[in-house]
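Here are a few exercises to work through with the model open beside you. Try each task before reading its solution.

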Amino acid sequence: MTFLAIIFLFFACFVLWQRLQQVEDRLQMLEGLRSDIRQRPIATVIEPEVEDPPYTEPEDMNDVPLAEALASMPASPPEVVNEPMLTAPDPDEERVPVRSRFAFNFEDMFGRLLPIWAGGITLAVAGFFLVRYSIELGLLTPFVRVLLSFLFGIGLLGAAELAYRYEHKIDDPRVRQALAGAGLATLYASFLLAGRFYGMIGTAAAFTGLAGVTAGALFLAGRFGLPTAILGLVGGFAAPMLVGGEEANMPVLTLYLALVTAGLNYVAAKQRWAWLGITALGAGLGWGGLLLLGGIAPGSDSAFFGLYLIIIGIGLPFLAAWKRPDPAISMGAAALASLQLALLVASGGFSALNWGLYLLLLAALSFLAWKDTGLRPASLFAQAVSIILLIIWPSAAAATFAIVASLAIVTGLAIPALRLRGGHVDWWSLAPMAALPIGTAMAALVQFGEGLDSPDTMLGAALGLLAIVPAASLTFVRRRGDDDAVLQQMMLGGSSALLLFAALATATPIWLTPVMAALVALLVIAAYRTGGGAGLAPLIPAATGIAAACLFIGTSEAQWGRLVGWMQAVDILPAMLRFGAVALAGFAAGWSVPQHRTRRWMQVIGALAAYGMAAQVLPYEALAASAGLAAIGATIAGPVPGARNAWMAIAGAWGFFGIIMWVMATMPSLSLGDWVGVEDLPDWNDAVVMLAPLAFAGLYLAHRLPGRARTRLLAGLAGTANIALAHILFKQLLQLAGEDDFIARGYLERTLWQGLLLGLGAAAYALRQRWPELIQPARLLAVAALAHFGWYSLVLHNPLWDAQAVGPMPLANLLLPAFVIALAALWTIRQMLPSERSEQRHGLDAAAMLLITLLVMSLLRQSFTGTILVGPNVSEAENLLRSLAAIVTAIGFLLWGARTGQRSWRIGSLILMTLALLKVFLHDAGDLEGLLRIGSFVALGFSLIGIGWFYSRQLGRTA
């Protein structure tokens, strides 16, 4: 405690030094200005002696010529001489230097200022320790100790008065200030010693003595100045710690601390020392914290301590507020007092006395807050703390809780209600109306709510009564349309709606929770549409969203399962009522909300809930179809884009799941070359159920809503769904179920599938004039047909190296139609390309020549092997015929290029011819002998001559 007192004393010295430093700086600045003014010259004007010319007044000033008027002006300005004069100092000239405010002089500080204040503090501390020393040694009786302390204090005050009266001799006001401060501190300790420790005087006498010392401190502070007040502050608050004692007398101690704090605040307000009042309030509240740490006994001690906090935290700042200090002072003091009193309530077992003290604090704050605006935030803070106390109240009895909560809410709402009735509609009047019922309801639910599983009619009724408060307050602002009114309507309407929902949900079974939430949303919509104010508009989506979220409360797994096709038995009426109520609220909100984007989201909620309601009664096969049909109906009916998109999203989710199943079944064939059997794909019934709604509804919406990125995405998904559905249904035709089936009918199945894709693409391309949006699907279908042929029929399952039956008849087999389809796909793609894309056209021509060459070789091979091309080794005759076929094919390319004027075909002819001749010379001719070798070379020679002649002729014609 001694160390704490020394810290207080040093703080007081530092403050005194700062204040005196400021005064000296100002005096020195004024003296510098005074000397500067005395040294400055005075400027006077001496006019030269010039004889005035004779003056004759003209008849009219307008008749005087301008030249004569200019000639009558003096030739030179008057002469200026410098003489001393009293003028303002020139800012550009040098001034007498003024000492900086924060300048530090060691000798001035430790030789002139501190010793006097240290002497006064030392005298006070010496008096305290002298009394303690006498107590410890037992030298003096209690009466003598008290008497000596009084005499010592009075003697110090007398010495201060002598210093004040003989100021002309002492010539230093700090002497009397130090003596007076030490005397005050000694007298504080003396009265506390007599009343608290020895009981020599009663409570009334101690109170009278402390009041007298406080009055003396106030008088001397005004007589001797700020330093005396500082020492009185330090001594007054440090006296209880320095004197010590075994047990605190709470009534005397709190009265003493209250008087010290009040007196210092009075002096601070009178002398305009705001920091002194703040320090005193902080010290008083600090003492409250120390007393709380030490423990407050129940009964009278709690009562005195609570009254002390109310006086210190609320009464004194309010009285000081008439002097217009910073509102933060009042708010901070009241907040600290509220916290300390709340700790008293909690530590005291939430007794009725402590609750009464806190309610008294609430009432005082609520009343004074409307007199002093600075206390309004503190009043709300104290009310929030009361809500926290109600929440953490352990084992609260229902009757006691109801009484305390009712008194708290009445205390907090009485003054705001009177102000609203008197026409004072502002934030500070409306905020408690919205916040306090919510907090009280939260506390009641925490204390007595047993969850939604156990309905409580009484608790629900109480919450419903609380909902009336903000609803009634809404009538005061419903007709206004300014920005503040909109926010106030939102605040009050939200509070009322939330409380009403809590009341309904508490009083009804859990399965009715979304129904009650939807009912509240419908009430908010009705209030908005009947003139409740623009501030209710944002509450509509919030209430509707809460209703949708409440579907997750009390909904069984069977009800959720039916949404995704798990057909389990459910109680149909409750299930449809839950989803139907939310659907009704969503569509009503989508009809009422003014913002277009929010309106769409409300339609989404309504559409999803409507699907959930339908799913409770519809069979699995009709779920996706119902969503797709609803999306088409919403598109036809009118502007309900949110519902349309939601229903289309449901159909799309079903279709996307079907697409994923299809892709997973066909992926091995793309990467590993495994063929896909009918048993690997989804069942065709499931495929129709999942894919058909997306396929048809998606294409319809994409057609009706063109030109948007998401529409193109929808068209892509719908097109993919169509392909997947067509592929799954197509695979049902040949029913390939094993390896033998794949060898016998695999090439046929792929050829038919490629022909179907190309046919659909060609049909779409033919309708491009009427529906230009079909150009892209036509191109994609043609590319898909060609890609399917290239990957599966040329790379993975080419009959030349994979066992695939192509038919036993030469030419009249599957090779010809398969390659013709691929060539037709190339031609279709080439027709779709713009004319300026010549490089792409050349690439397609090269692919066509490659396919024709492979077709010729495959047909030649089939004529030797039959339906399965993978068989015996190539014979000599077949090998020679391959070379001949290549040469003939090259000649055909050349003729076609010459006929159509396409250079790419002529170049392809030369490449194929070169490869064929290299084969003949390097491979085929080496195996021939005799006349066969001679004949082959002769034939090749004439062929080369003919080809060269023909090609040169074509080049010349082209040139």
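**Exercise 1: An acidic residue in a helix**

Asp 845 lies in helix α31, where helices (H or I, at least four residues) and strands (E, at least two) are DSSP runs, numbered from the N terminus. This is a predicted model, in which local features need pLDDT of at least 70 and side-chain atom pairs count only at pLDDT 80 or more, while totals for chains, interfaces and linings use all residues. Residues are numbered from 1 along each chain as its sequence is written, and side-chain values use heavy atoms, with hydrogens and water left out.

Task: decide whether Asp 845 is buried or exposed, and find what Asp 845 touches.

Solution.
- Step one: buried means under 20% relative accessible area, exposed over 50%, and partly exposed in between (1.4 Å probe, protein chains only).
- Step two: Asp 845 has a relative accessibility of 4%, so Asp 845 counts as buried.
- Step three: leaving aside residues up to four places away in sequence, Asp 845 touches Arg 830, Gln 902, Ser 904 and Trp 905; contact means heavy atoms within 4.5 Å.

**Exercise 2: The span of the helix**

Task: compare the reach of helix α31 with its expected span.

Solution.
- Step one: the expected span is 1.5 Å times one less than the number of residues.
- Step two: α31 (residues 838-865) has 28 residues, and 40 Å is expected.
- Step three: from first C-alpha to last, α31 reaches 40 Å, close to that expectation.
- Step four: just after α31, Gly 866 takes a positive phi of about 95°.

**Exercise 3: The nonpolar cores**

Task: find which residues have the most contacts inside the largest nonpolar core.

Solution.
- Step one: a nonpolar core is a set of buried Ala, Val, Leu, Ile, Met, Phe, Trp, Tyr and Cys residues joined through side-chain atoms within 4.5 Å.
- Step two: the largest core has 146 residues, and Phe 305, Tyr 358, Leu 390 and Trp 647 have the most contacts inside it.
- Step three: helix α25 (residues 641-671) gives this core its largest share, 10 residues.
- Step four: a second, separate core of 39 residues includes Leu 757, Leu 833, Phe 893 and Leu 912.

**Exercise 4: The whole chain**

Task: what percentage of the protein chain is buried, and how many helices and strands are there?

Solution.
- Step one: of the 959 residues in the protein chain, 44% are buried.
- Step two: the protein chain has 34 helices and two strands.
- Step three: among contacts with a separation of 6 or more, 73% join residues 24 or more positions apart.
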